[in-house]
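Here is a short briefing for a first look at this chain. Start with the surface, then go inside.

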Amino acid sequence: MTSFALSGICAILILGLLYLASPVFVPLTFALFLICLVAPLRQSLGRKMPAPLAAIAVLLVTLAVSLVFLSLAGWGFSLVAQWVMANAGRFQRLFTLETETLHPHGALVIRMFQDSFNVSWLVRAIQEIAVRINSMLGLIFLSFVFIALGLFELDEAPDRMNRLLGEERARRWMEIARQVASKLRRYMVIRTVASVLTGVTVWLFAIYAGLELATAWGGLAFLLNYIPFLGPLVATVFPAFFAFVQYGSLQTSIAVLVVLNCIQIVYGCYLEPRLAGSAFSLSPLMVMVAVFFWGLVWGIPGTFIGVPLLITMTTVYTATANFNREASKS
């Protein structure tokens with residue numbers, strides 16, 4: 001009982017430290033994650049040019065790709081916020097008219113909802129997301145400082161671990177690190193394929209349906225698909241709201257919502273599991289808990305990094321258990 005209480009206290013203290021020191025831990029976590037992704041490119045270039053030049057080249061490529069993703073997110077949400085502000089009055093009028101046509105009990109529920117939700121709230125929410133995305137430049141800068149240090153010292157890491165842990169333990173931890181990096185790269189490849197297909201399909205559907213901001217919806221669907229559960233939810237609900245304003249029809253809005261959810265289900269519940277196979281063996285409940293938990297601790301960056309952290313922890317736990325089992329047999 002005492003050991004359980006001490007474990008709980010330690011866990012709370014660690015979580016408090018992760019939360020309070022998030023300006024350091026978030027960039028460090030993203031740096032380690034990105035190093036795992038670009039390590040093969042760094043090693044490949046290192047065989048063709050001096051190691052410092054290879055590290056600089058990989059760093060520039062990583063920075064360019066990250067800025068493209070961040071710029072796309074900032075552009076998409078800013079465009080949506082401008083559209084909401086330009087059509088705020090129409091949105092409120094349509095919402096009121098639709099409420100008046102409902103059954104009295106349904107209208108009462110909607111009016112209660114209106115007390116806490118209105119167009120101004122939606123505008124503020126979208127603007128807050130755009131501001132948070134644009135304010136991540138500091139996080140990106142510190143992340144790339146850590147990435148640069150890691151890339152320049154990547155070749156020396158095995159020798160340093162040998163001196164620090166001993167040859168046998170260093171070999172085991174290097175093997176675990178290779179397994180983690182391999183799984184993270186596979187996860188990102190699968191996620192990227194599904195995100196590209198989702199974004200293109202949403203974009204084509206938006207053009208076919210005549211939705212305004214079709215390119216923005218496709219780009220946001222592509223980006224938000226990297227965040228399980230929460231991302232697809234936002235990528236389907238927002239276009240449905242805007243379809244309601246554009247067409248002035250609740251039925252059309254519901255139809256758009258249904259089609260977009262079908263797209264998400266096809267790629268998220270059918271394609272991704274088939275591509276992943278049994279490589280990760282993560283239950284949907286564990287994935288949902290990881291997204292919400294790390295989102296609570298680290299905000300928007302935590303929702304993205306939650307699943308990679310879950311993959312890392314489960315891989316480390318499984319590999320450590322296997323090593324201990326082999327050691328006990330010998």
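**Surface patch**

Leu41, Val61, Val65, Val68 and Phe69 make up a nonpolar patch on the surface, sharing about 390 Å² of accessible area. The model is predicted: local features need pLDDT of at least 70, side-chain atom pairs count only at pLDDT 80 or more, and totals for chains, interfaces and linings use all residues. Residues are numbered from 1 along each chain as its sequence is written, and side-chain values use heavy atoms, leaving out hydrogens and water.

- Patch residues have over 30% relative accessible area and no salt bridge (side-chain nitrogen of Lys or Arg within 4 Å of a carboxyl oxygen of Asp or Glu); nonpolar side chains are joined within 5 Å.
- Areas come from the Shrake-Rupley method with a 1.4 Å probe.
- Helix H3 (residues 51–86) gives the most to the patch, 4 residues.
- Leu41 sits in helix H2 (residues 22–46).
- Leu41 is partly exposed, at 37% relative accessible area (buried is under 20%, exposed over 50%, partly exposed in between).

**Core**

- The largest nonpolar core (buried nonpolar residues joined through side-chain atoms within 4.5 Å) has 44 residues.
- Ile147, Leu151, Trp294 and Trp298 touch the most other members.
- H2 supplies the largest share of this core, 9 residues.
- Leu151 touches Val38, Arg42, Ala55, Val58 and Leu59, leaving aside residues up to four places away in sequence; contact means heavy atoms within 4.5 Å.

**Confidence**

- The chain averages a pLDDT (predictor's confidence per residue, from 0 to 100) of 79.
- Mean confidence is lowest in helix H5 (residues 104–116), at 46, and highest in helix H10 (residues 214–224), at 91.

Note on methods:
Helix = DSSP H or I, 4+ residues; strand = E, 2+ residues; numbered from the N terminus. Patch = residues over 30% accessible without salt bridge, like charges linked within 9 Å, V, L, I, M, F, W, Y side chains within 5 Å. Buried < 20%, exposed > 50% of the residue type's maximum accessible area, 1.4 Å probe, protein only.
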